[in-house]
Amino acid sequence: MATTTNPASTGTTSTPASAATALMSPTELAEKLQSRQSPLLVDVRTPAEHESLRVPGSHNVPLDLLQKNKDTLAEQFTGDIVLICQTGNRANQALQHLRAAGVDTARVLDGGVVAMEAQHSQHTHRGQQRWAMDRQVRMVAGSLVLTGFLGSKLISPKVGYLAGAIGAGLTFSALTDSCAMAAALNKMPWNKVEADPTVEKLLAEIPRSTAIQTAQTKASRG
């Protein structure tokens, strides 16, 4: 059992063992993908992001879908699980939701699919290219703030309230760890894919991956 040092006895802080083991490096994942004990890969980004760049074999379970159905999905999430997003933030949120549902075998791909592509591009696949959702949010928010500023100078000072509204929205987003703008952008035509993920589809796919994983594990043990 992993232990941590008591900060009160040493005068220093230490990192909890659970936090240290919650991350999986791209290299470790690459090694697991080449072994007979490949983990269950869960990509919590939007369908459009998953289509643009992904780790082959990963299941697309957008963060909002996972959050709403965490208890149902947790029943299928057995064995080694790796949570994947663009750079790691949404995967960490997904980790907390799954832990609340009783799943303690999930880990987060450190640096997300971006780091995986940079270090082990052979284990990633690019499809139709779209901007990542965080980039789209920055573009829209920045454009609206700029519009509000210029409008307040060229049209009417009241237009400047637009920049204030966007700032308030971003502050609320940070405090609540949510993003209404991202949810709205996800519904735009350019972010649509042929078939969005559904809970029913995921429940049909995940047991097969788990069964394959279990068979591989048994085979490796001889």
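The mean pLDDT of this predicted protein model, pLDDT being the predictor's confidence in each residue from 0 to 100, is 78, and 76% of the residues reach 70 or more. Local features need pLDDT of at least 70 and side-chain atom pairs count only at 80 or more, while totals for chains, interfaces and linings use all residues. Residues are numbered from 1 along each chain as its sequence is written, and side-chain values use heavy atoms, with hydrogens and water left out.

Two stretches call for caution: over residues 1-17 pLDDT stays under 50, with eleven contacts (heavy atoms within 4.5 Å) beyond four places in sequence, and over residues 209-222 pLDDT also stays under 50, with 19 such contacts. Where pLDDT is low, the predicted coordinates should not be read in detail.

Let me turn to strand 2, residues 40-43, where strands are DSSP E runs of at least two residues and helices are H or I runs of at least four, numbered from the N terminus. Leu 40 and Val 42 on one side, and Leu 41 and Asp 43 on the other, are all buried, meaning under 20% relative accessible area with a 1.4 Å probe, protein chains only. Strand 2 runs parallel to strand 5, residues 81-84, through four bridges, and parallel to strand 4, residues 59-60, through two; strands pair if DSSP finds at least two bridges between them. Val 42 stands opposite Leu 83 in strand 5, and its bridge partner in strand 4 is His 59.

Finally, the helices: Pro 26, Thr 27, Leu 29, Ala 30 and Leu 33 in helix 3 meet Ala 115, Met 116 and Gln 119 in helix 8.

Key
Buried < 20%, exposed > 50% of the residue type's maximum accessible area, 1.4 Å probe, protein only.
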